[in-house]
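Me: Please take one part of this model and look at it closely with me, going step by step. I would like to understand the largest pocket and what surrounds it.

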Amino acid sequence: MRASLLLVVVLSMAPSSSFAQCFKIAEVNAETPEGQLLQQIGQESDDVKKLALLEKFAAEHAKHEAVGWVYEQAQAAYSKAGNPDKVLELGGKILALSPDCVESAQQMLKAAEAKKDLDLIRKWSDQTSQIALKVANAPKPADEDQVEAWKNRADWARQVNTYTEYSLYAAALQAPEPKKKIELLEALQARNAKSEYLAKAYGQLFLAYRQAGANDKAVALAQKVLATDESDPDMLIVLASDYLAKKKEPEKVHAYSAKVVQIMTAQPKPEGVSDADWQKRRNAMLGAAHFVSGSLYYAQARWPQADKELREAVPLLDNEQVKAEALYYLGFANYKMEKGQEAANFYRQCSTIKSRFQALAAKNLAGVRREFTGIK
């Protein structure tokens, strides 16, 4: 006598849905030891006991045609139980039997996320994406009865591919070191330069480039972003400073500096940031913006504008070397505007700071005193 057990498999349609399978079993011969064990698995309602039966089948019948289905059931069970190592182990066996099993690959990516292993996340993000794209681009079947399932599976695979991009993005945000953050975000950029998650990560990538000393990459990224979105004050000030140093795009230097002032003046204190920390950042950004613009006005011999911007900058600058430079420029600008006392005041302040401008400021102060009468 032959008994049969119909095992129904439901295909998941979205990354958030329940675990889906690549393998199916239509009938089981309950007269064989393998069939009897499969029948037990199908009838067992206790998760722990069912998993033990699955492991028993895999150990005793590794070459049976149902082993792929068994591996998937076990992988799903270990995923539910929060055992990522076993999910990864079984995933390798599943992909060896069915290389296009995107469902299992995604489970491996989620297991890597559960382990918080950034290198493993990148590995399975890459591999899952490759499998998902292969499934999404599979040719349309000739059998019309299979077309609907083909469309559904392709749609699912595309959603999985999008999830792999999110996974890289989320991993990058968790990365403690700039180098690792850059590695993950550049991997995302190489995979899909138009990813919605890459656009969200540009600020993080820019900061990581700056922290890693990759200024050329930071500047290039700022140029790309600011071409369409001038809302990031850090990018604005870095690009304005770069243009100033390279003596190029003078109008953008002034425009970007003014934009920083506008943003930082209007921007409220972010939630979770202390008043002291916010005031420090605000002063630093405003001071840098006024200094950059004032320095260019100085180079352009536009003395009144240089005087205005640099006067705004000086009280906000906490770097003594930059402050000394600003004071020297103010002294020279006021001298050119024939404001002797103002020029002397700025040169005097500059001469008290040990910097490359100290000796020259003292010399110019003496010159102002000789040229103008009544200088204090």
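Reply: **A residue at the pocket and its surroundings**

Val-292 is found in helix H13, and since the model is a predicted one, everything that follows describes computed geometry. The relative accessibility of Val-292 is 5%, and because buried means under 20%, this residue counts as buried. Although Val-292 and Asp-242 are 50 residues apart along the chain, their C-alpha atoms are separated by 9.8 Å.

From this residue we can turn to the pocket itself. Val-292 is one of the five residues that lie nearest the centre of the largest pocket, together with Ile-237, Ser-241, Ala-288 and Phe-291. The lining as a whole is made up of 32 residues, and the space in this pocket comes to about 770 Å³. Rolling a probe the size of a water molecule over the atoms shows where empty space is left.

Which elements give two or more residues to this lining? They are helix H9 (196–211), helix H11 (233–246), helix H12 (250–266), helix H13 (275–299) and helix H15 (320–336). The largest share comes from H13, which supplies 10 residues, and H13 is also the helix in which Val-292 is found. Sorted by class, the lining holds 20 nonpolar residues, 4 polar residues and 8 charged residues.

Two of the helices that contribute to the lining, H11 and H12, can also be described by the way they pack. Their axes come within 9 Å of each other and cross at roughly 155°. Because an angle over 145 degrees counts as roughly antiparallel, H11 and H12 are roughly antiparallel to each other. The crossing of these two helices is left-handed.

A second pair of helices can be read in the same manner. Helix H16 (residues 340–351) and helix H17 (residues 358–371) pack at an angle of about 155°, and their axes are 8 Å apart. H16 and H17 are therefore roughly antiparallel to each other, and their crossing is left-handed.

Finally, the reasoning used for Val-292 can be tried on another residue, Glu-72, which is found in helix H3 (residues 67–81). Is Glu-72 buried or exposed? Its relative accessibility is 0%, so Glu-72 counts as buried. Measuring along the sequence, Glu-72 and Asp-155 are 83 residues apart, while in space the distance from C-alpha to C-alpha is 21 Å.

Definitions and conventions:
Residues are numbered from 1 along each chain as its sequence is written. This is a predicted model: local features need pLDDT of at least 70, side-chain atom pairs count only at pLDDT 80 or more; totals for chains, interfaces and linings use all residues. Side-chain values use heavy atoms; hydrogens and water are left out. On a 1 Å grid over the protein atoms alone, a cavity is a set of points where a 1.4 Å probe fits but cannot get out, and a pocket is an open set with protein on both sides within 12 Å along at least five of seven lines; lining residues have an atom within 4 Å of a point. Grid points are joined across faces, edges and corners, and a volume is the space filled by probe spheres set on the points. Helices (H or I, at least four residues) and strands (E, at least two) are DSSP runs, numbered from the N terminus. Ala, Val, Leu, Ile, Met, Phe, Trp, Tyr, Cys and Pro count as nonpolar, Asp, Glu, Lys and Arg as charged, and the others, Gly among them, as polar. Buried means under 20% relative accessible area, exposed over 50%, partly exposed in between (1.4 Å probe, protein chains only). Axes are lines fitted to C-alpha atoms, for helices over the stretch in contact, and angles run from 0 to 180 degrees between N-to-C directions. Angles under 35 degrees count as roughly parallel, over 145 as roughly antiparallel, 65 to 115 as roughly perpendicular and the rest as oblique. A crossing is left-handed if the near helix is turned anticlockwise from the far one by less than a right angle, and right-handed if clockwise.
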